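The questions below walk a newcomer through the empty spaces of one structure and through the surroundings of its ligand. Each answer works towards the value or name asked for.

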Amino acid sequence: MSFAAAKLFDWLQGADFYHAAHRAAVEQLPPGGGKLWVDVGCGPGLVTRLAAARGYRAIGVDRDRHMIAAAQRRAARAASAAAFQIGDIDGLAAMPARADVISAASLLAVVDDPAAALTALLAAVKPGGCVLVIEPTAAMTPAAADTLIGHGLGGKRVNGLRLWARARHGRAINPDLFDMARANAVHYAPVLAGLLGVWMLRTAAAQ
Ligand SMILES: C[S@@+](CC[C@H](N)C(=O)[O-])C[C@H]1O[C@@H](n2cnc3c(N)ncnc32)[C@H](O)[C@@H]1O
């Protein structure tokens with residue numbers, strides 16, 4: 001990624017539809033009450049800020065320093081309590097404490113080995129905790145974006161949906177990944193008319 005990619009994702013995260021869809025995803029989980037939420041591959045930090053607003057102690061992690069700089073700027077402007085640090089999925093095992101929630105939004109589709117990444121995310125969450133995966137589905141096509149906009153989806157930067165759909169068309173993750181994951185329960189919720197999927201993977205509670 002690069003400075004240009006950080007600018008692009010900062011722009012996209014400011015779109016009304018993108019914000020609303022990710023807020024709906026974060027609201028699948030109950031208010032945080034100070035529990036630890038780590039947002040991996042946070043980009044400019046939208047999901048991290050939404051988690052902080054929901055009452056979690058939210059930390060965004062991304063391996064790209066431009067993304068972290070953008071996230072820190074956005075959080076400061078929004079007076080968000082979200083914190084950010086440079087880091088990689090591979091470094092999660094070294095975290096001082098396991099998280100109550102780990103989120104990964106539009107991350108698994110960009111890593112070399114999604115199954116290994118998901119295993120690392122699950123290992124970094126507490127027993128009884130949750131991994132929240134947010135990903136465009138196979139329904140995210142340019143035609144579907146046009147249809148949604150044609151049916152009245154509006155708001156700031158709605159053309160970002162066309163851009164996003166073009167970029168992600170044919171690159172949806174395979175949901176079989178979640179059946180193979182070492183999780184106790186998997187719950188699925190569609191958002192953005194099913195163009196975006198939210199998978200909640202719960203790990204087994206401690207005995
Ligand atoms: C497609 S962007 C998604 C950004 C944001 N989560 C969103 O949904 O708008 C993917 C992000 O994951 C980050 N990333 C990719 N591989 C990573 C890894 N192995 N560890 C940490 N971050 C990673 C990239 O730097 C980028 O910011």
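Q: How much space lies in the largest pocket?
A: The model is a predicted one, and the values given here are computed from it. For the largest pocket, the space comes to about 670 Å³.

Q: Which residues lie nearest the centre of the largest pocket?
A: The lining of the largest pocket is made up of 31 residues, and by class these divide into 17 nonpolar, six polar and eight charged residues. Those of the lining that lie nearest the centre are Gly 41, Arg 63, Leu 107, Val 110 and Val 111.

Q: Which helix supplies the largest share of the lining of the largest pocket?
A: At least two lining residues come from each of helix H1 (3–13), helix H2 (16–26), strand S1 (36–40), helix H3 (46–53) and helix H5 (114–123). The largest share is three residues, and the element that supplies it is H5.

Q: What is the space taken by the ligand?
A: Around the ligand there are 17 residues, of which Gln 13, Tyr 18, Gly 41, Asp 62 and Ala 105 come nearest. This shell divides into eight nonpolar, five polar and four charged residues. Gly 41 also belongs to the residues nearest the centre of the largest pocket, and the space that the ligand takes is indeed the largest pocket.

Q: How much of the area that the ligand exposes when taken alone does the protein bury?
A: Several polar atoms of the protein lie beside nitrogen of the ligand: a polar side-chain atom of Asp 88 is 3.4 Å from a nitrogen atom of the ligand, a polar backbone atom of Ile 89 is 3.2 Å from a ligand nitrogen, and for a polar backbone atom of Ala 105 the distance to a ligand nitrogen is 2.8 Å. Taken alone, the ligand exposes 590 Å², and the share of this that the protein buries is 95%.

Q: Which helix gives the largest share of the lining of the largest cavity?
A: The count of cavities of 30 Å³ or more comes to one, and the largest cavity has a volume of about 30 Å³. Its lining consists of Asp 10, Ala 70, Arg 73, Arg 74 and Arg 77, which by class are one nonpolar, no polar and four charged residues. Four residues of this lining, the largest share, come from helix H4 (residues 65–77).

Methods
Residues numbered from 1 in each chain as written. Predicted model: local features only at pLDDT ≥ 70, side-chain atom pairs only at ≥ 80, totals over all residues. Heavy atoms only, no water. 1 Å grid on protein atoms, 1.4 Å probe; cavity = no way out; pocket = protein on both sides within 12 Å on 5 of 7 lines; lining within 4 Å. Points joined across faces, edges and corners; volume = space filled by probe spheres on them. Nonpolar A, V, L, I, M, F, W, Y, C, P; charged D, E, K, R; others polar. Near = heavy atom within 4 Å. Polar contact = N/O pair within 3.5 Å; in protein donor to acceptor, adjacent residues only side chain to side chain. Areas by Shrake-Rupley, 256 points an atom, 1.4 Å probe, with all protein chains shown as cover. Sits in = over half its atoms within 2 Å of the grid points.
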